[in-house]
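Visitor: I would like to learn how to read a protein model step by step. Could you guide me through this one?

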Amino acid sequence: NEMWQEIISGARFYREKAVSNKGKLLIVDHYALKGDELIVVDFKTGDRFGPRHEEYIEQVQGYMYVLSRQYRRPATGYLIYLNEHNVWIEKIDNFM
């Protein structure tokens, strides 16, 4: 996928980071540092139009908020849906 290649090009990825947001423990699946940019990536299986889609967006936005404060840089998030037939990448630009 061309978009995925652009996202990961030159990025240093980290996995499964525990962070706290408003007293709640969160586990960030994947994030990356790329120059001055912070990239948050969350993988989901199933249909991107499922009933929990908005919840997933808020989840990524929470990760973006906490990590951007920790690393003191702007964050961009991506929800990546995988199923047996397709891969969808949705960019999440801003947080709460």
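Visitor: How much area does the protein expose, and what share of it do carbon and sulfur atoms supply?

Guide: Please keep in mind that this is a predicted model. The protein exposes about 6,200 Å², and 46% of that area is supplied by carbon and sulfur atoms. Turning to the inside, buried residues, meaning those under 20% relative accessible area, make up 38% of the 96 residues.

Visitor: Which order do the elements follow from the N terminus on?

Guide: The protein has two helices and five strands, and from the N terminus on they run α-β-β-β-α-β-β.

Visitor: How do I read the pairing of strands, and how many bridges join β1 to β2?

Guide: Two strands count as paired if at least two bridges are found between them. Here β1 (residues 12-21) and β2 (residues 24-34) run antiparallel and are joined by nine bridges, one pair of bridge partners being Ser20 and Leu25. The hairpin that they form has two residues between the strands, and Lys22 takes a positive phi near 55 degrees there.

Visitor: What does β2 do with β3?

Guide: β2 also pairs with β3 (residues 37-45) in the antiparallel sense, over five bridges, with Lys34 standing opposite Glu37. This hairpin too has two residues between its strands, and Gly35 in the turn has a positive phi of about 65 degrees.

Visitor: Why does the radius of gyration agree with a compact globule?

Guide: A compact globule with 96 residues would have a radius of gyration near 12 Å, and the protein has 13 Å, so the two agree.

Conventions
Residues numbered from 1 in each chain as written. Predicted model: local features only at pLDDT ≥ 70, side-chain atom pairs only at ≥ 80, totals over all residues. Heavy atoms only, no water. Helix = DSSP H or I, 4+ residues; strand = E, 2+ residues; numbered from the N terminus. Rg over C-alpha atoms; globule rule 2.2 N^0.38 Å. Buried < 20%, exposed > 50% of the residue type's maximum accessible area, 1.4 Å probe, protein only. Areas by Shrake-Rupley, 256 points an atom, 1.4 Å probe, with all protein chains shown as cover.
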